[in-house]
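I opened the model to look up the chain fold, the contact between the protein chains and the protein surface along the DNA. The entries follow in the order in which I made them.

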2 protein chains.
Amino acid sequence: MENDNYNDLDEETLFVVSQTFKALGDPTRIRILHLLFQKEYSVNGIAEALHLRQSTVSHQLRFLKNLRLVKYRREGTTLYYAHDDEHVMNMLKQTIDHACH
Amino acid sequence: MENDNYNDLDEETLFVVSQTFKALGDPTRIRILHLLFQKEYSVNGIAEALHLRQSTVSHQLRFLKNLRLVKYRREGTTLYYAHDDEHVMNMLKQTIDHACH
DNA sequence: TGCATATATCAGTATATGTTCATATTATGA
DNA sequence: TCATAATATGAACATATACTGATATATGCA
């Protein structure tokens, strides 16, 4: 469905857009995604790097996974998470740079 | 301060970035900003166009104003609001376009 | 098997958020 | 000064959100 900017936003678009930005609107999720700029991390790796509980990280990763902002690969019992949305990561990077001035 | 990694985000940056995205993470605020793509609107104008209460619009405009995402000019008793952050508006536009597929 | 490790999920709690009604403020013009 | 129109603010409420400890699940290996 095409959407020129002079019309009302349809409900589905509104939902997707708000969910995407909501994902970036939480400090914990920003820190997680910011970590993943560099390289993939295990759940415990993220927890240790950011001083967060394992369950906190796991919950937030599920949130990000549902929006397809991250993906993972398994290695034994360890899951390595990586970012999975270039557009969102670029927005995050730009906004961080923009805020550092 | 236990900031042992130069790649960690400092607290202020984290706050500004999360607030910015949080602003875009609510359907009502998205609709308001989307309206302001076209032209400036009065508070009542926004309320009528989007079928929202005057106080709802006013509250959300204050939120957006605090983040300097909108500005206003006065004409009599009427305040005309307009967008005031090109970077944020561009992100919003891109994400809307991205979600319309 | 049985056990250890890594991760996911559940349920409870505290806090944050968005909307609303009622009321206050501000500017204008008679 | 008063009345009116436009907007802002305050308080209450319901809902959403994030974090936590406890527990469940899944995998690998002896």
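**Entry 1: record and conventions**

I started from the UniProt record, an unreviewed entry, which lists "domain: HTH arsR-type" for residues 9-101 of chain A. UniProt positions are in the numbering used here, feature names are shortened, and annotations may be inferred rather than shown by experiment. I noted that this is a predicted model, in which local features need pLDDT of at least 70 and side-chain atom pairs count only at pLDDT 80 or more, while totals for chains, interfaces and linings use all residues. Residues are numbered from 1 along each chain as its sequence is written, chains are lettered from A and ligands numbered from 1 in the order in which they are written, and side-chain values use heavy atoms, with hydrogens and water left out.

**Entry 2: chain A**

I read off five helices and three strands for chain A. Helices (H or I, at least four residues) and strands (E, at least two) are DSSP runs, numbered from the N terminus. The order of elements in chain A from the N terminus is α-α-β-α-α-β-β-α. Across the annotated range, residues 9-101 of chain A, I found 62% helix and 15% strand, with the end C-alpha atoms 33 Å apart. Taken along the principal axes, the C-alpha atoms of chain A fill a box of roughly 50 × 35 × 20 Å.

I also looked up one backbone angle in each chain. A:His51 has a phi near 60 degrees, a positive value in a residue other than glycine, and A:His51 sits in the loop between H3 and H4 of chain A. For B:His51 I noted a positive phi near 55 degrees, again in a residue other than glycine; the loop between H3 and H4 of chain B holds B:His51.

**Entry 3: chain B against chain A**

How many residues does each chain bring to the contact? I counted 30 residues from chain B and 33 residues from chain A, where contact means heavy atoms within 4.5 Å. About 3100 Å² is buried between chain B and chain A, and carbon and sulfur atoms give 69% of that area. Buried area is the accessible area (1.4 Å probe) that two parts lose on being put together, summed over both.

I found zero salt bridges between chain B and chain A; a salt bridge is a side-chain nitrogen of Lys or Arg within 4 Å of a carboxyl oxygen of Asp or Glu. The count of residue pairs in polar contact between chain B and chain A (both at pLDDT 80 or more) is also zero. A polar contact is a pair of N or O atoms within 3.5 Å; within protein, one must be able to donate a hydrogen and the other to accept it, and residues adjacent in sequence count only if both atoms are side-chain atoms.

On the side of chain B that touches chain A, helix H1 (11-23), helix H2 (27-36) and helix H5 (86-99) of chain B each supply at least two residues. H5(B) has the largest share of that side, nine residues. I sorted the residues of this side of chain B into 13 nonpolar, twelve polar and five charged. Here Ala, Val, Leu, Ile, Met, Phe, Trp, Tyr, Cys and Pro count as nonpolar, Asp, Glu, Lys and Arg as charged, and the others, Gly among them, as polar.

**Entry 4: DNA strand C**

Which residues come nearest to DNA strand C? Of the 24 residues around DNA strand C, they are A:His59, A:Tyr81, B:Thr28, B:Arg29 and B:Gln60. A residue is near a strand if one of its heavy atoms lies within 4 Å of it. H4(A) gives the most to this surface, with five residues.

I looked up single atom pairs next. An N or O atom in the side chain of B:Arg29 is 2.6 Å from a phosphate oxygen of DNA strand C. A backbone N or O atom of A:Leu79 lies 3.3 Å from a phosphate oxygen of DNA strand C.

**Entry 5: DNA strand D**

Of the 24 residues around DNA strand D, I listed A:Thr28, A:Arg29, A:Gln60, A:Thr77 and B:Tyr81 as nearest. H4(B) gives the most to the surface near DNA strand D, with five residues. The side chains of A:Thr56 and B:Asn44 each place an N or O atom 2.9 Å from a phosphate oxygen of DNA strand D.
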